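Here are some worked exercises to try with the structure open in your viewer. Have a go at each task before reading its solution.

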Amino acid sequence: NFKAIMTEWGIDAFICSCQLLLTPTATKLAKFTEVMIRKQIIPHNQMPQPGTYFTEQAWDLAKTDGYGSDRSVGMRGQFTIAGPLAGRMFVTEIVRGRFSKSDLPFQIANLALRGQPVQNLGIEKSPGADFLENDIKRALIKVGYSDAPSIEWIPVDNQKGAKNARALTLEAVFENSQIFFSDQIPEDLMKDLAWKSFDGKI
């Protein structure tokens, strides 16, 4: 019956599609577990040593800042380029909130300031986001980081299945231990990361 099929779908959607619904070409859905995320949290004193990494910053901007809207999220990470851990990302800070149009540029600038020198400053190019560029540049000057790198506007693929395809890539990053999180990141932010993963929003 339908309830039994949905139970199997919750356990493994890909296997359910193949064996019960007889659609073997169905797309594999990315799956995250809390254990998968939490095993990547490490003590902050195990972060890479200076000279072995460059700092990256990335932002996913919410379309609105009203109650009930999504939150803008920024992260600062150290991408290792030398040593035995080369090619891995160590996330040192996450900023998340419903920021006003005037506050958002300063949130971006302050995160960059705390992680300088920043090699890459990437921001998702959502509709209207590039209009923030001049405000962000002014905010960087005000906080004392006028020589920050230029903004890299990252295009987003909104085609059907694109989000799951990105999640599948991230799932492999977790499984291969290519990403780690500092234990200094607040617990509520890590819980939110886990919740969004379960909800298919990551």
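**Exercise 1. Find the loop that holds Ser177, then say what its phi looks like and how much of the residue is accessible.**

Start with the place: Ser177 sits in the loop between helix 6 (162-175) and strand 7 (179-182). Keep in mind that this is a predicted model. Next, check the backbone: phi of Ser177 is near 55 degrees, a positive value in a residue other than glycine. As background, most residues other than glycine have a negative phi. Last, the accessibility: Ser177 comes out at 26% relative accessibility, so it counts as partly exposed. The step rests on the cut-offs, with buried being under 20% and exposed over 50%.

**Exercise 2. Find the cis peptide bond and place its proline in the fold.**

Look at the bond that joins Gln116 and Pro117: it is cis, with omega at about 0 degrees. For contrast, most peptide bonds are trans. Now for the place: Pro117 belongs to the loop between helix 4 and strand 5 (118-124). While you're at Gln116, take a look across to Phe54, which is in strand 2 (residues 53-60). The C-alpha atoms of Phe54 and Gln116 are 9.4 Å apart, with their positions 62 residues apart along the chain. Setting aside residues up to four places away in sequence, Phe54 touches Gly77, Gln78, Phe79, Ile81, Gln119 and Asn120.

**Exercise 3. Describe how helix 4 and helix 5 pack.**

Two numbers come first, because two packed helices are described by the angle between their axes and the distance between the axes. Helix 4 (residues 104-114) and helix 5 (residues 133-142) pack at about 50 degrees, and their axes are 8 Å apart. Step two is to name the arrangement: helix 4 and helix 5 are therefore oblique to each other. Step three is the hand, and the crossing of helix 4 and helix 5 is right-handed.

Now list who meets whom. Helix 4 brings Pro105, Phe106, Ile108, Ala109 and Ala112, while helix 5 brings Asp135, Ile136, Ala139, Leu140 and Lys142. Sorted by class, this contact has 8 nonpolar, no polar and 2 charged residues.

**Exercise 4. Zoom in on Leu140: is the residue buried or exposed, and what does it touch?**

Leu140 lies in helix 5. Its relative accessibility is 6%, so Leu140 counts as buried. Leaving out neighbours within four places in sequence, Leu140 is in contact with Ala109, Ala112, Tyr145, Ser146 and Ala148. For a C-alpha check, try Leu140 and Asn110: they are 30 residues apart along the chain, and their C-alpha atoms are separated by 7.6 Å.

**Exercise 5. Take Val95 and Ile37, and work out the burial of each and its C-alpha distance to a residue far along the chain.**

Val95 first. You'll find Val95 in strand 4 (residues 89-97). With 11% relative accessibility, Val95 counts as buried. Skipping neighbours within four places in sequence, its contacts are Trp59, Ser72, Val73, Gly74, Gln107, Leu111 and Arg114. Its partner for the distance is Leu189, 94 residues away along the chain, and the two C-alpha atoms are 8.5 Å apart.

Then Ile37, which is found in helix 3 (residues 34-38). Ile37 has a relative accessible area of 1%, so it is buried. Pair Ile37 with Phe180: they are 143 residues apart along the chain, yet their C-alpha atoms are separated by 8.8 Å.

**Exercise 6. Step back: how many helices and strands are there, and in what order do the elements run?**

Count them up and you get 7 helices and 7 strands. From the N terminus on, the order is α-α-α-β-β-β-β-α-β-α-β-α-β-α. Then the contacts: of those with a separation of 6 or more, 66% join residues 24 or more positions apart. On burial, 36% of the 202 residues are buried. Finish with the surface: the protein exposes about 12200 Å², and carbon and sulfur atoms supply 55% of it.

Key:
Residues are numbered from 1 along each chain as its sequence is written. This is a predicted model: local features need pLDDT of at least 70, side-chain atom pairs count only at pLDDT 80 or more; totals for chains, interfaces and linings use all residues. Side-chain values use heavy atoms; hydrogens and water are left out. Axes are lines fitted to C-alpha atoms, for helices over the stretch in contact, and angles run from 0 to 180 degrees between N-to-C directions. Helices (H or I, at least four residues) and strands (E, at least two) are DSSP runs, numbered from the N terminus. Angles under 35 degrees count as roughly parallel, over 145 as roughly antiparallel, 65 to 115 as roughly perpendicular and the rest as oblique. A crossing is left-handed if the near helix is turned anticlockwise from the far one by less than a right angle, and right-handed if clockwise. Contact means heavy atoms within 4.5 Å. Ala, Val, Leu, Ile, Met, Phe, Trp, Tyr, Cys and Pro count as nonpolar, Asp, Glu, Lys and Arg as charged, and the others, Gly among them, as polar. Buried means under 20% relative accessible area, exposed over 50%, partly exposed in between (1.4 Å probe, protein chains only). Accessible areas come from the Shrake-Rupley method with a 1.4 Å probe; for residues, only the protein chains shown count as cover.
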